[in-house]
Structures are given as structure tokens and as C-alpha cells.
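Reader: Please give me a close, plain-language look at the second chain of this model, with the spots worth clicking on. I'd like to follow along on screen.

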Amino acid sequence: MSEVMPDFQLARPTTLDEAVVALATPEARIIAGGTDLNVQLRMGLAAPATLVDLSLISALKTLESSTSGTRIGAGVTLADLASDERVAAYYPAITEAAALVAGPTHREVATLGGNLCLDTRCLYYNQSHWWRKSNDYCLKYQGDICHVAPKGNRCRAAYSGDLAPALMVHDARLEIIGPDGIRQVMLADFYREDGADYIDLKPGEMVTAAVLPPPKGPSGYRKIRVRGAVDFPLAGVAVEAEETKDGKRFTIALTGTNSCPIMVDMPDVLTDDPNAFFANLNKAVQKAVSPQRTTTIAPHYRRLSIAAMAARLARELV
Amino acid sequence: MKRIVNLNVNGRQVEDVVADSLLLVDYLRDRQGLTGAKKGCDGGECGACTVLVDGRPRLACITLAASVDGAKIETIEGQAKNGRLSALQRAFHENLGTQCGFCTPGMIMAAEGLLKSNSDPTEDQIKTALGGNLCRCTGYVKIIRSVQLAARATAEATQ
């Protein structure tokens, strides 16, 4: 890669109020662990005038758990999240997802907030400047055409955060702070199916925490990736199994296959014929996803894999 | 924009002016002359630039020097004390944990970070801790063995 960093000013606020002020400056962007953004800066995928470094804000690094739920600060590192015993006891999908993000050294500094807001990824986007320029750039940045779907009118880059589906099956809400104060949004409503405009975060806003109600049942997270120890998901699935009076009900959320993480509509409960039920679950997942040619791995393989993982994980949770 | 940072590099206190956009790996290699941390992939994928920041492994190629102001930085150059190799360096040397040597500084620093928090790691824990470090000579078996023997040697020396 060996491209030079662009010039920018680094702001290092120590309180949320200072951070909001710093973020209000023109062309300001947030940096937390920097494990993704610093790579993007080198590739010329962003040119912020100011980077607002959140790593000194202690208010973002708290993880509180009680009988009424759990609040995880956006600045909690993935290493801390993966090793937290309360999270492991109540929300195993979150522990498993956090432990499977990138490599161990990334997780030392990468944060929950950074992973939830992780930029969408694509074969035609995550490339050096000269590579993209020789390909006439792309719809997501500096260009007009989506090379993945040239006839379409939106960016198809794949959302690749591991934590989002794990938090979504546990009904997480996000706390967001901005110039207009604090607001909350259901995590599932935070995303939209557009690779170039995938999160509901207005200029000057930042995620401060994820808030989880008590768990409804056990959960898990599985992913496939090219490099087993360090990689973004080609496809990832979180499942939560809830015991209801009618039987077991599964909540399923997916990542890596669309431009945003998606929930799968599973209205049925586990019936007396589990084989038929899990075959239906497999089909429902295949139907829900729309993997594109955003990676070197074939979309069809990712579709079959994520459905198989979902059915297998659901079986394990019974 | 530039700023003054105070760092402790391998036990030596330094005060330096750095650009806000300067990466830690460039600071260490170009300004401090510590070329042990390697630029392999230059994008956080290979682990060859691993150094310790306040005792924890960090990828220097995706870390801003200004963001580690006030921290204690340890690189491969600071591992040997008074002319004696560290336990990990000696184990890598004696057990062929090093082949071409390019990944070795990163491997040793990542392993050092592991042994600081876990003096008796299992093979799986070593594999997990070194999961972000690539060795293109593919000498992983000897590397893992070297870390195990370094841990054992340290335990025996302190008994």
C-alpha cells in the first residue's frame, strides 16, 4: 500500500461535551481504535480536516450490568467486551462475535462503537487510490457507477460488522449524542440498505452506548471468513432462542451479505418435526440475503453458507 | 498540525514534535531509528509492526503517534538487557523460531504481550495471541514451540 497519510488535525477531547464541539467543525470525523479508519486514510478513502480521537473519553468506556439490563459504552474495546463475564453469561452471541472480529491486536483497541459504525466494504472500494482511479472510482466514493451492479442506482458494498447482528438479536438500542442532545434508536432501525449511506448518523452525531434489555434466551454467533484468524465476515449470523408458551422461537440477524445487517422474519416456533422446521429456517435465511460480487468469494457460496450456519446454530441452541 | 508528545521508548524518556498524521511505525523507524518494527502489509493485516504500548500489543502501522502520547512503548530493540537476550529472543534463536526474520520482531513482541498477562499459556492461547502475525516462511510450529519454551525457561529461572 505504502501511501502517505493525508494532513489533518487531531482533536483529543476528554469529555463528551468537548467531543460534540470538536465534531461540529467542518469535515470532522470520529476516530476511536483507528483499526479501520487509519487504513482507509492511507488508501485515500477519506480526507477529514479534523479527526476527533475518542480514546481519552472515560465516559465511553464503562460497561454496566444489572437485572434491568446492560449498558455497554461505545468506547469499550472488543478485547474487553470479549472477556467480560457478565456479557458472556447473558449475551453469549456478543462475546462470540467480539472474539471473532479481526485479530487479537486489533481487538486491543477496536471499539464497540467503531464496529457498529464500520464502513461497508467492497472489492472495488477497499483498494488503493491508484487502483480505484484506474477503474474510474465507484459509486460509493468519487465515482458514478457501482461496478458490482452497473445497472443499479445504489451502492452494493457489504456491511461487515460482526457485533451488529449479535446485538440486534438481543433487542439492543443505541444511545446517540449530537448537537441537538441525546436520542435513542433501535439498533435494527439504525441501518439502511445502501452501501454509501448505511447508518442513521447525522453530521456531528456519535454513538455513545448500546443498551440491552435482559436476555430472552441463549444465543450464539458464527461467521465464515477467508483468513480464519483475521478477517471481515464473508457472512455472519447471530441467533437467539427464546422459550415461549407455544414453543421455541428463534430471532436471527445476519451480516456480511447485504449493505446493512438484517433481521430474518421467523414467525413459526419449533414444531414436532424439527427437520422440517430447520429446513424451512435454512430456506428463510437464503431468501432473506442478497450477497453480491463484493468479495472474491462467490455470492452463491455465501448464501448457502450463512443459511447452513444459521440452521446449525439454531439447532445447537435447542 | 504538529504537537509535542512525551513517550517512553524502550525505557528512555523522549519529548518530540510529531505531525498529527504521523504513524507510530514511521516515528519509530524514521525518527528513532528503531527499524525492528517492520512495514509488511502496511495496513494492519500482517502483524510485522507489532510493538507494545503500555504493555499491550499494538499494530504500529495503524496507530497515530500522537494518540499514544504519554505511553510506554517497547520495541524489539529494547528486549535484550545488558547484552543478554530476552527469554523469547533466546528461545526463538535456539529453536529455529526465526527463518528469514522479517516477522520475528512482531512475533516476539506479540508473544511478549501474551506472556506479560499469562506466564503459562496453552498452545491454543499462543495460537490465538499470534493469530494476527503472519510468517511467510510458514514456520509457525517452531514459533509456537519457541514461545512455549520461553515461558518454561522463565518459570524455571524464577523458581
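Author: **Chain B, up close**

Reading chain B from the N terminus, you pass β-β-α-β-β-β-α-α-α-α, where helices (H or I, at least four residues) and strands (E, at least two) are DSSP runs numbered from that end. That makes five helices and five strands. Chain B is as compact as a globular protein of its length, because its radius of gyration (over C-alpha atoms) is 15 Å, close to the 15 Å from the globule rule for 159 residues; that rule is 2.2 Å times the number of residues to the power 0.38.

Before going on, some housekeeping. This is a predicted model, so local features need pLDDT of at least 70 and side-chain atom pairs count only at pLDDT 80 or more, while totals for chains, interfaces and linings use all residues. Residues are numbered from 1 along each chain as its sequence is written, chains are lettered from A and ligands numbered from 1 in the order written, and side-chain values use heavy atoms, leaving out hydrogens and water.

Now the outside of chain B. Along the principal axes, its C-alpha atoms fill a box of roughly 45 × 35 × 25 Å. The accessible surface is about 7400 Å², with 48% of that on carbon and sulfur atoms (Shrake-Rupley method, 1.4 Å probe; for residues, only the protein chains shown count as cover). On the charge side, chain B carries 19 positive and 17 negative side chains, and the centres of those two sets sit 4 Å apart. Here Lys and Arg are positive, Asp and Glu negative, with His and the chain ends not counted; each charge is placed at NZ of Lys, CZ of Arg, CG of Asp or CD of Glu.

And the inside? Of the 159 residues in chain B, 53% are buried, meaning under 20% relative accessible area (over 50% is exposed, in between is partly exposed; 1.4 Å probe, protein chains only). As for contacts (heavy atoms within 4.5 Å), take the ones in chain B between residues at least 6 apart in sequence: 53% of these join residues at least 24 apart.

Chain B also splits in two. Its domain assignment gives domain 1 (2-78) and domain 2 (87-158), with bounds from an automatic or database assignment. The C-alpha centres of these two domains of chain B are 21 Å apart. Where they meet, 17 residues of domain 1 of chain B contact 14 residues of domain 2 of chain B.

If you click on one residue, try S21(B). You'll find S21(B) in the loop of chain B that runs between β2 (12-19) and α1 (24-31). Don't expect it at the surface: S21(B) counts as buried because its relative accessible area is 10%. Skip residues up to four places away in sequence, and S21(B) touches L64(B) plus a run from the other chain, M5(A), P6(A), D7(A) and F8(A).

Since S21(B) leads you over to chain A, have a quick look there too. Chain A is assigned domain 1 (1-56) and domain 2 (58-117 + 158-317). Their C-alpha centres are 26 Å apart. The contact between them draws on 13 residues from domain 1 of chain A and 16 residues from domain 2 of chain A.
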